[in-house]
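Reader: Could you pick one spot in this model and give me a close look at it? After that, just follow the thread wherever it takes you.

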Amino acid sequence: MANISVSVCLITLFLCFTSGSVAKQEEDGTYELRKGDFSVKFTKWGASIVSVVLPDKHGKLADVVLGFDSAKEYKNDSTYFGAIVGRVANRIAGAQFTLNGTHYKLVANEHENMLHGGPKGFSKVAWRVSKYEKGGDSPYIRFRYHSLDGEMGFPGDLIATVTYMLVEDYQLIITMKAKALNKATPVNLAQHAYWNLGGHNSGDILSNQIQIFGSHITPVDKELIPTGKIVPVKGTPFDFLKQDTIESKINKLPNGYDINYVLDETAPNKVRLAATVHHKKSGRMMELYTNAPGLQFYTSNGLKDVKGKGGFVYQVHAALCLETQGFPDSVNHPNFPSQIVIPGKPYRHSMLFKFSIRA
C-alpha cells in the first residue's frame, strides 16, 4: 500500500495532466476507465459514477456502488446516486444567504431549505466531456459544466470541472475544481457515491467496519440544518475514532447517520486520511483521503423500494456515503470555514480512494 506522501504526489501530478482524446461514449451511454480488473463507469448526467468493479479476496468481481442500468435513468434521479452535487452541496437554511451586503434568495427544494444546489443543481444537468483518455498507465476522464449567473439563485458565472483518474493498483483520484468568472459565490462540490463493498446487491451495510478521522461533528436540528455548534464525538454514537461496525451504534440514533464530521487536520488544505471501510466477508477495504475540512457520513436512510441495477430493489441502509465537503450551511455560519470563491482564486477539492484486500 502506497504511503500518504506518494498519494499526494500522484494527486499533484494528476492536477497538471491535461492531454486527452475526443470523448466517445459506450453503447449504453456511459464512459469507462479500466486498469486491469479494476473498472469505473460514468455518465454525463451529473458527471456521475455509474459503477465501480473490484475483485474480492477470492478474485470474484462485483460492482460496489448503487445505481441504475441505463445512463438515461440518471437524468431524473432523486437519490443523487454517484453524482457531483453543487453549486453548494448539502443544506442551506431558508434557501438564502447574504454575501458582501447583497441578500440572495435561492430555489428551495427541501421544505424551505435548499439541498444539493436546488431542484436543478449540478447533479441534474448534463456535463460536457472535455477530456477522455482510456489508455496508458493513468486513464482519466474530465467533465465540465458552465453554471450561469443567477442559476438556482446563486451569483456569478462559474466553470466547474471534475476529473476521475485511475492510478496505481485499485486507486481512484477525483479532483473537483471551480472558477468564479465575475462575482464572488459560494462553492461546495461533493461526490455522492453510494458504497456497498459487499456488492451493490448484497443487502445492507450494517456489518461494515468503519473508522472516521474526525473528533468533532456539526450537530443539526430536526430539519438537518447545522446549529452552528461544533461538538466532540467521544462517548457518543458518532464516535468512530476507532474502527467499529455500523450496527454497533446505529440503533442509538432515530434514523441512522446523516451528519458532517469535522476532519482532524495535520495542516490546512492538505490531503490526509479521512475514513476507512472494511467489509469482512469479501475482504474489500476502502481508504478515503481528502483535502476537504468536512465529511458527511450518510447511511442511506431515505432509500426505499428504489429499483436499481439488474432489477435489484434497494432498501434503507443498502449503502453508505462518505461525502467530503465544506461544512453544511457555511454561508450562514461565520465560525465555519468559508466556502466563498472569488474571481482569480479558484476552488479545488481532492479525493483519493484506495481499495485493497484485508483478511
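Author: Let's start at Arg87, which sits in the loop between S5 and strand S6 (91-92). Keep in mind that this is a predicted model. What makes Arg87 worth a stop is the peptide bond leading into it: going from Gly86 to Arg87, the bond is cis, with omega near 10°.

Now step back along the chain, to the loop between S4 and strand S5 (83-85), where both Phe68 and Phe81 are found. These two rings make an aromatic pair, and the model has 26 such pairs. The rings of Phe68 and Phe81 are tilted, with 5.2 Å from centre to centre and 50° between the planes. The pair links distant parts of the chain, its two members being 13 residues apart. Are these rings buried or exposed? Phe81 counts as buried because its relative accessible area is 0%, and the cut-off is under 20%. Phe68 is buried too, at 9%. They aren't on their own, either: Phe68 and Phe81 belong to one aromatic cluster with Tyr74, Tyr194, Tyr298, Phe312 and Tyr314.

Another ring to look at is Tyr80, which has Lys124 lying over its face, 4.9 Å from the ring centre. There's a second arrangement of this kind at Phe240: the charged end of Lys249 sits over that ring, 4.7 Å from its centre.

Back at the other end of S4 we come to Gly59, in the loop between strand S3 (48-55) and strand S4 (61-63). Gly59 is partly exposed, at 47% relative accessible area. Although Gly59 and Ala71 are 12 residues apart along the chain, their C-alpha atoms are separated by 28 Å. If you go back as far as strand S1 (residues 31-35), you'll meet Glu32. Glu32 is buried, with a relative accessible area of 16%. Its side chain makes a polar contact with the side chain of Arg34, at 2.9 Å.

Moving forward again, past Arg87, the next stop is Asn100, in the loop between strand S7 (96-99) and strand S8 (102-105). Asn100 isn't a glycine, yet its phi is positive, near 50°. Asn100 counts as exposed because its relative accessibility is 69%, and exposed means over 50%. You can set it beside His317, in the loop between strand S25 (313-314) and S26. His317 has a positive phi as well, near 65°, but His317 is buried, with a relative accessible area of 15%.

In between, have a look at the hairpin of S10 and S11, with 6 residues between the two strands. Strand S10 (residues 128-133) and strand S11 (residues 140-147) run antiparallel, joined by 5 bridges. Val129 stands opposite Phe143 in S11. In the turn, Gly136 has a positive phi of about 85°.

Which strands make up the open sheet, and in what order? There are 5 of them, ordered S18-S17-S20-S23-S26, with antiparallel pairing. Strand S18 (231-232) and strand S26 (321-325) are the edges, each pairing on one side only. Further in, strand S17 (residues 214-218) pairs with strand S20 (residues 258-263) over 4 bridges, again in the antiparallel sense. Thr218 has Asn260 in S20 as its bridge partner.

That leaves the nonpolar packing. The largest nonpolar core has 64 residues, and those touching the most other members are Trp127, Tyr164, Trp195, Tyr261, Phe297 and Leu322. Take Phe297 as your viewpoint. Leaving out residues up to four places away in sequence, Phe297 touches Ile210, Ile212, Phe240, Ile246, Tyr257, Asp258, Ile259, Tyr261, Leu320, Cys321 and Leu322. There's also a second, separate core of 14 residues, and its members include Tyr74, Leu303, Ala318 and Cys321. So what does Phe297 touch there? Cys321 is among its contacts, even though Cys321 is a member of the second core. And Tyr74 brings us back to the rings near the beginning of this walk, as one of the residues in the aromatic cluster with Phe68 and Phe81.

Terms used. Residues are numbered from 1 along each chain as its sequence is written. This is a predicted model: local features need pLDDT of at least 70, side-chain atom pairs count only at pLDDT 80 or more; totals for chains, interfaces and linings use all residues. Side-chain values use heavy atoms; hydrogens and water are left out. Two strands pair if DSSP finds at least two bridges between them. Buried means under 20% relative accessible area, exposed over 50%, partly exposed in between (1.4 Å probe, protein chains only). Rings of Phe, Tyr and Trp (its six-membered ring) pair if their centres lie within 6.5 Å; planes under 30 degrees apart count as stacked, over 60 as edge-to-face and the rest as tilted. A charge sits over a ring if NZ of Lys or CZ of Arg is within 6 Å of the ring centre and within 35 degrees of the ring normal. A nonpolar core is a set of buried Ala, Val, Leu, Ile, Met, Phe, Trp, Tyr and Cys residues joined through side-chain atoms within 4.5 Å. Contact means heavy atoms within 4.5 Å. A polar contact is a pair of N or O atoms within 3.5 Å; within protein, one must be able to donate a hydrogen and the other to accept it, and residues adjacent in sequence count only if both atoms are side-chain atoms.
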